[in-house]
Amino acid sequence: MSDALRAELSRVSVVLGAGDLDFTLEQPRDPSHGDFATNLAMLIARRERTNPRAVADRVVAALDMSATGASAVEIAGPGFLNFRLATDTLAASHLAIIAAGDSYGRSDTGAGMRVNVEFVSANPTGPLHVGHGRGAAQGDGIATLLEWTGHDVVREFYVNDAGVQIDRLAQSLWARIQQAAGRDGEIPEGGYHGAYLEDAARVILDQEGTTFSEHTPDIGVARCRELILVMQRAEQDATLADFGVHFDVISSEQHLYDAGDVDATVAHLTAAGHTFEEGGALWLRTSTWGDDRDRVLRKQDGTYTYFVPDMAYHLGKHRRGFDQAIDVWGADHHGYIPRMQAGLQALNIPEEWLSISVVQLVKVVRGTDEVKMSKRSGDFVTLRDLYEETGVDAARYWFLMRRGDSHLVFDIELAKSRTDENPVYYVQMAHARLNGIFRAADTDPDSTTGEIDLSVLGDADRDLLRKLTAFPEAVARAAREHEPHRITTYLEELARMVHGWYHGCRVLGEAAEVQHARLLLARAARQVLANGLTLLGISAPDRM
RNA sequence: GCGCCCGUAACUCAACUGGAUAGAGUAUUCGGCUUCUACCCGAACUGUUGCAGGUUCGAGUCCUGCCGGGCGCACCA
């Protein structure tokens, strides 16, 4: 709807000799400032070092109003241009919402772009906890936003299934199996004490028979390693699937070793002259690309640091042809970012290719009591524990409602509550109420068609419709910034307007033309609420 | 000690790449509405956007230095 206006402003900008400026065109927070406002005149004034309001006069004089879709323009404040849309333009935007339906809010700005979004990537050494849940919701949300803007997206999970952590896990499991079989077994130094390994030991003995415990330790640990990896992966996948998160690709660190990619990466870096030997180790000159210091690739004992497979992994992603890669990491890994970026530049991968989105850790509370998570003692809150108590909708919403880089307080009690204090219910209720109107009218929203007649409606109706038209821009911006919380913020603002409208503007029983116009508006609002919730992986119930 | 992130109303948080009088909800206090679902409306109240400078028509946003909180600083992963 704003496209015509934007195009005309661009034309004027060129006509006035300012060129193609990156001006903003946005819906002002204050409705009295009109339907759209632009800072174009102020940008031109900045270049020319002249008075913004005088420039605004020239812009207005040069505008072909008939090409803008607006009925009025005024100069306000320091030099803003405020446009009021022609009534038929707003009505046309309503038709666009109905016509697009489930697709309203989608765009093709990212068409032709292949993007890889890697998230969760939890070590297969235990159940997923609440922090992984935030990463899962965030990564899935970013991926969906990119899809909504036309990108070709692959959701990927990287499994650290090589290295000493897995060795310790296998040794710990073997110890549990020995214990379960009535023999002595001791969990090694730095091993895993969680109760889930006792469960796994029982399952394995059931499946494999008690003779499994009679293997030599070498064979037993090796078998444990295979079995526990499969079991942990299956459990993680099931937990994520029940959370509504699905991956297209699962990548394995061990596979990178087996396929020779890890050795090849080191050889590649060495051939490029970016490495050196010192103290019996092989180093990469990461400080060349902004890292604090150089980093070890191959340790004195001949094994690689985890940095190497990570580079090999990202090199592989790059070679798979993605135009962009996004990693969602927990905040406890943020110090690793400069090293990773430097490593990729050593591999000739441009810095902009990989974008790393950090999510801060989650603090879980129950009312005012903090729920402690202690991995050591084994009794931590798992992701499954959490969403089975609150419901998947509430959990996903909660993980997404704050900026990823701000700390998140997850109040289990509030997330569960069925009151308007709970934003999940508040938004879902707005959808259910609109649906209730159609149920009371005994009619189907989809059968309510036609062009909306705004002349029989008031400002409240018009403001609501205007808010609906802002949805595609909210999606576009959220996708561009990799910030799903912009959608929850938008939905809460919209829900507030819907509840107010519902109360102040009766639909059924009004004059026929008013009822029809409001049913059309209700249909559109219901559609936008549903689209926003669906985008975030949250249900839009017809009744609650 | 070094690096990154954060610091906005009593609380939880927004703020559209530097824009108009910094906004919502919660909480507190009044009044009203409550027929399509559990809601909503109006008013009051709460701000030196951690502090101090700087950049400019304009700064919560950018720069510098402090203060406070979190996280990270391995030939661990």
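Which strand does Leu282 lie in? Select Leu282 and you land in strand 9, residues 281-284. Before going on, note that this is a predicted model, where local features need pLDDT of at least 70, side-chain atom pairs count only at pLDDT 80 or more, and totals for chains, interfaces and linings use all residues. Residues are numbered from 1 along each chain as its sequence is written, while chains are lettered from A and ligands numbered from 1 in the order in which they are written.

**Stop 1: Leu282**

Strands (E, at least two residues) and helices (H or I, at least four) are DSSP runs, numbered from the N terminus. Leu282 counts as buried because it has 20 C-beta neighbours inside 10 Å. The cut-offs, with C-beta atoms placed from the backbone, are 20 or more other C-beta atoms within 10 Å for buried, 12 or fewer for exposed, and partly exposed in between. Now show Thr275, Glu277, Leu297 and Arg298: Leu282 touches these, leaving out residues up to four places away in sequence. Contact here means C-beta atoms, placed from the backbone, within 7 Å. Add Gly302 too; it sits 20 residues from Leu282 in sequence, and their C-alpha atoms are 9.1 Å apart.

**Stop 2: helix 4**

Select residues 87-100. At 1.5 Å a residue, the 14 residues of helix 4 should span 20 Å, and the end C-alpha atoms are indeed 20 Å apart. (The expected span is 1.5 Å times one less than the number of residues.) Colour Thr89, Leu90, Ser93, His94 and Ile97, which are buried. Looking down the axis, you'll find the buried residues within an arc of 150°, so they line one face of helix 4; the arc is taken from the directions from the helix axis to the C-beta atoms. What do they pack against? Strand 4 (80-85), helix 17 (459-469) and helix 20 (512-535). Flip to the face turned away, and there are the exposed residues Asp88 and Ala99. Just past the helix, Gly101 has a positive phi of about 60°.

**Stop 3: the largest nonpolar core**

A nonpolar core is a set of buried Ala, Val, Leu, Ile, Met, Phe, Trp, Tyr and Cys residues joined through C-beta atoms within 7 Å. The largest has 123 residues, and Leu81, Leu521, Ala525, Val528 and Leu529 touch the most other members. Helix 20 supplies the largest share of this core, 12 residues. Click Ala525 to find its contacts Leu434, Leu464, Leu468 and Val498, neighbours within four places aside.

**Last stop: helix 5**

Select residues 130-148. Of the 19 residues in helix 5, 18 are buried. Gly150 follows, with a positive phi near 90°.

Terms used
Two residues are in contact if their C-beta atoms, placed from the backbone, lie within 7 Å.
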